[in-house]
Amino acid sequence: MPAGNRLIKIRILFFASVREIMGKEELDMDIPNGCSSGELRSLLLKNHPELSKIISSSRFAINESFGEWDQKICENDVIAVVPPVSGG
């Protein structure tokens, strides 16, 4: 986790099976300043172990753009948690 104790506010949007597991569409959360999307994934799993089967294969979009797991999250960012989808 990033050093320091300053927290920033973000909004997390849940889609499809992640939404069903969480029982809600969104969550406002305080995270450490400098947190990456990979670190957020770990925080979510720690706080919501029921996500363990789906979170590792889900993608995170920060402000509607998919990025790398080391991408830093900023104050008031909106993070979408999108599980794998299938279709034809």
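Buried means under 20% relative accessible area, exposed over 50%, and partly exposed in between, with a 1.4 Å probe and protein chains only. The structure is a predicted model, in which local features need pLDDT of at least 70 and side-chain atom pairs count only at pLDDT 80 or more, while totals for chains, interfaces and linings use all residues. Residues are numbered from 1 along each chain as its sequence is written, and side-chain values use heavy atoms, with hydrogens and water left out.

**Exercise 1. Confidence**

State the mean pLDDT of the protein chain, and identify the elements with the lowest and highest mean values.

Solution. Step 1: pLDDT is the predictor's confidence in each residue, from 0 to 100. Step 2: the protein chain has a mean pLDDT of 92, and 92% of its residues reach 70 or more. Step 3: among the elements, α1 has the lowest mean, 95, and strand β1 (residues 7-14) has the highest, 98. Elements here are DSSP runs numbered from the N terminus: helices are H or I of at least four residues, and strands are E of at least two.

**Exercise 2. Overall architecture**

Determine the pattern of elements along the protein chain and assess its compactness against the globule rule.

Solution. Step 1: the protein chain contains two helices and five strands. Step 2: their sequence order gives the pattern β-α-β-α-β-β-β. Step 3: the radius of gyration of the protein chain is 12 Å, close to the 12 Å that the globule rule gives for 88 residues, so the chain is as compact as a globular protein of that length. The radius is taken over C-alpha atoms, and the rule is 2.2 Å times the number of residues to the power 0.38. Step 4: along the principal axes, the C-alpha atoms fill a box of roughly 45 × 25 × 20 Å. Step 5: of the 88 residues, 38% are buried.

**Exercise 3. The sheet**

Establish the strand order of the sheet and explain why β2 and β4 each have one side without a neighbour in the sheet.

Solution. Step 1: two strands pair if DSSP finds at least two bridges between them. Step 2: five strands form an open sheet of mixed pairing, in the order β2-β1-β5-β3-β4. Step 3: β2 (26-32) and β4 stand at the edges with a single partner strand each, so one side of each lacks a neighbour in the sheet. Step 4: helix α2 (residues 37-47) packs on the sheet and touches β1, β2, β3 and β5, its direction making about 115 degrees with that of β2. These directions run N-to-C along lines fitted to C-alpha atoms, for helices over the stretch in contact, and angles run from 0 to 180 degrees. Step 5: β3 and strand β5 (residues 78-82) are antiparallel over four bridges. Within this pair, Arg 59 stands opposite Val 82, and Ala 61 opposite Ala 80. Step 6: β3 and β4 are also antiparallel, over two bridges, with Ile 62 opposite Ser 65.

**Exercise 4. Positive phi values**

Locate Ala 16 and Asn 63, and describe the phi and exposure of each.

Solution. Step 1: most residues other than glycine have a negative phi. Step 2: Ala 16 has a positive phi near 50 degrees. Ala 16 lies in helix α1 (residues 16-22) and is partly exposed, with a relative accessible area of 42%. Step 3: Asn 63 lies in the loop between β3 (59-62) and β4 (65-66). Asn 63 takes its positive phi, near 50 degrees, in the hairpin of these strands, which has two residues between them. At 40% relative accessibility, Asn 63 is partly exposed.

**Exercise 5. Two buried residues**

Compile the surroundings of Ile 10 and His 48, leaving aside residues up to four places away in sequence.

Solution. Step 1: contact means heavy atoms within 4.5 Å. Step 2: Ile 10 belongs to strand β1 and is buried, with a relative accessible area of 4%. Step 3: Ile 10 touches Leu 27, Asp 28, Met 29, Ile 31, Leu 40, Ile 73, Cys 74, Asp 77 and Ile 79. Step 4: His 48 sits in the loop between α2 and β3 and is buried at 19% relative accessible area. Step 5: the contacts of His 48 are Met 22 and Leu 27.
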